[in-house]
Amino acid sequence: MNKTKKIAVIGAGPSGSAAAYYLTNNGYEVDVFEKENFIGGRTHVFDNGETRFDTGASFFTNFYPLLLSLIKELNLDHEVLELKRRVGLREKETLAEFAFGDIKTFWNLPFLSFKDKTTMIWKTLLLTLQRRKLDLVNPKKLAAIDDESIANWARNYLTENVYEYCIKPGVEPFWYFSCEDVSRAMTTVLQGRAADAKFYTFKNGMASISSKLLENSSLQLNSAVSKIEKNNSKFLVTYQNSTKEASCLYDGIVMACPTPQIKKILPENLIPSYIKDFINSQQYVTNLHATYLVDEKETKGSLAYYYPCGKWETPIAAIVLHKIKAIDSIKAPKGKELISVYIMDHSTNQLNNLEEKEIFSKVWDMAKDFQPSLPADYIPVAIFNRENAIPLHQVGRYSLANKIKDAQNGNLVFAGDYLSCATVEGAIRSGRWAAFKLMNKEISTF
Ligand SMILES: Cc1cc2nc3c(=O)[nH]c(=O)nc-3n(C[C@H](O)[C@H](O)[C@H](O)COP(=O)(O)OP(=O)(O)OC[C@H]3O[C@@H](n4cnc5c(N)ncnc54)[C@H](O)[C@@H]3O)c2cc1C
């Protein structure tokens, strides 16, 4: 493709924003269509003037190499904050503190025996030595270890207790899926990185990265693309904005939205055969979370995160105390703390048809049942309910994603976290890859 051609990117999440960035940097004219009135997709930052917080992705790590290099390139260093990863692991009445990367809190964890702890440390060291071969979001590297469920692998390689009290609470609540169904690949990488893991966020929210990446594109907010058709060598993109339906011709397309939306927009004959089955079979877990304001003095001594562990059944995936998690990053009224309560995938169904007031009340009851020290009184702030929150990483999925990644060609390409790993790093790497494929330029790393 020659320069100065016009490209439409569908979706202003991290993957679409990254694709737009690399295309505009190479002289392409880019229109980014976004159905919402905000950018960032699942990194959307809620801001009502009084409070601000991340509604989806809320951290990145020191093993997100592309994001880290973009932060330098785009001069965002001054916006980066390191997070407090002090976590409460709860099993019924027992609550224990655990800090990521801190051997002392791990060694004091009450749920594990001496043997569990030594096995975990020994095996973690072994994986740490191999970690050059591991990459959280590269399907090519993960395909080789995409052979067993997380749960099976952890039980066999570590111990049942380590699985129940470390791996499961570390992986399940964040991704909202069951470790029984999901490939071990991701956990192997995470364990390999555990020794020096660091967690960061952006002072103004995770969508800061998309906002910078989109600076040279023409952004069409409130513009839901409803149809894409072939028109000779071009593509006709039809979209609906607040006032009208309109169409525009483009030389190339980057589809950067989750697979259920792709199925709605692209007619069967335009979905290339190399990706059709994958798009049709990709499943997502749902996510609901409710955010509240409470009196800050009532949260004194609390930890930043609470996760369930062990065989205990609870609908709570996680409770996050935003101000404690990232001092200074969160906007909240003076004297108030912002608390988000995340509900496990299958438990969201029973809340879906309720009135908002009832959801706030039921979710708070669940949270208090889980963590009784939470105050009785709250001010409801907002509810976020995502039907397509996280692409499921079934066993065998990385092998497929790897084939698709390599097969991409032509003027219609695909980007999104479903093609790598459900992280911001995965999304932006897929966006870069798609942009280079569209430009017909060599790119050696995903
Ligand atoms: C609750 C939660 C917590 C998470 N936490 C983290 C975390 O801490 N760290 C991390 O790295 N990752 C995290 N993630 C994952 C991360 O948010 C995603 O991997 C990432 O946002 C995916 O980017 P994307 O561009 O592929 O998709 P999205 O972010 O979903 O962006 C797709 C965009 O396409 C738009 N769109 C859809 N259909 C249309 C249409 N018809 N027309 C126009 N636009 C359309 C959408 O509105 C959206 O803006 C989390 C996700 C969730 C849900």
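Mentor: Let's begin with a definition: Ala, Val, Leu, Ile, Met, Phe, Trp, Tyr, Cys and Pro count as nonpolar, Asp, Glu, Lys and Arg as charged, and the others, Gly among them, as polar. Keep in mind too that this is a predicted model.

Trainee: Into how many nonpolar, polar and charged residues does the shell around the ligand divide?

Mentor: The ligand is surrounded by 37 residues, and Gly11, Gly13, Ser15, Gly41 and Ala57 are the closest. Sorted by class, the shell has 18 nonpolar, 13 polar and 6 charged residues.

Trainee: Which domains each give at least three residues to the shell around the ligand?

Mentor: The assignment splits the protein into domain 1, domain 2 and domain 3 (103-192). Elements supplying at least two shell residues each include helix 1 (14-25), strand 19 (379-391) and helix 15 (424-438). The domains you ask for are domain 1 (6-45 + 207-282 + 393-438) and domain 2 (59-64 + 75-82 + 200-204 + 284-390).

Trainee: What is the handedness of the crossing of helix 1 and helix 15?

Mentor: Look first at how they pack: the angle is about 40 degrees and the axes are 7 Å apart. In this contact, residues of helix 1 such as Pro14, Ser15 and Tyr22 are among those that meet helix 15, where Val424, Ala427 and Phe436 are among the partners. The contact residues divide into 11 nonpolar, 5 polar and 1 charged. The crossing is right-handed.

Trainee: Which strands stand at the edges of the open sheet of 7 strands?

Mentor: Trace the order, 8-7-16-17-18-15-19, in which the pairing is mixed. An edge strand has a single partner, so one side of it is left without a neighbour in the sheet; that describes strand 8 (94-99) and strand 19.

Trainee: Which residue in strand 17 does Tyr306 stand opposite?

Mentor: Strand 16 (residues 305-308) and strand 17 (residues 316-321) pair in the antiparallel sense over 2 bridges. Within strand 17, the residue opposite Tyr306 is Ile319.

Trainee: At about what angle does helix 13 run to strand 17?

Mentor: Two helices are worth comparing with the strands here. Helix 7 (residues 160-175) lies across several strands, including strand 16, to which it runs at about 110 degrees. Helix 13 (residues 356-370) also lies across several, strand 17 among them, and its angle to strand 17 is about 90 degrees.

Trainee: How many residues of domain 2 are in contact with domain 3?

Mentor: The centres of these two domains are separated by 24 Å. On the domain 3 side, 10 residues take part, while domain 2 brings 15 residues.

Conventions. Residues numbered from 1 in each chain as written. Predicted model: local features only at pLDDT ≥ 70, side-chain atom pairs only at ≥ 80, totals over all residues. Near = placed C-beta within 6 Å. Helix = DSSP H or I, 4+ residues; strand = E, 2+ residues; numbered from the N terminus. Domains from an automatic or database assignment. Pairing = 2+ DSSP bridges. Contact = placed C-beta atoms within 7 Å. Axes fitted to C-alpha atoms, helices over the stretch in contact; angles between N-to-C directions. Left-handed = near helix turned anticlockwise from the far one by under 90°.
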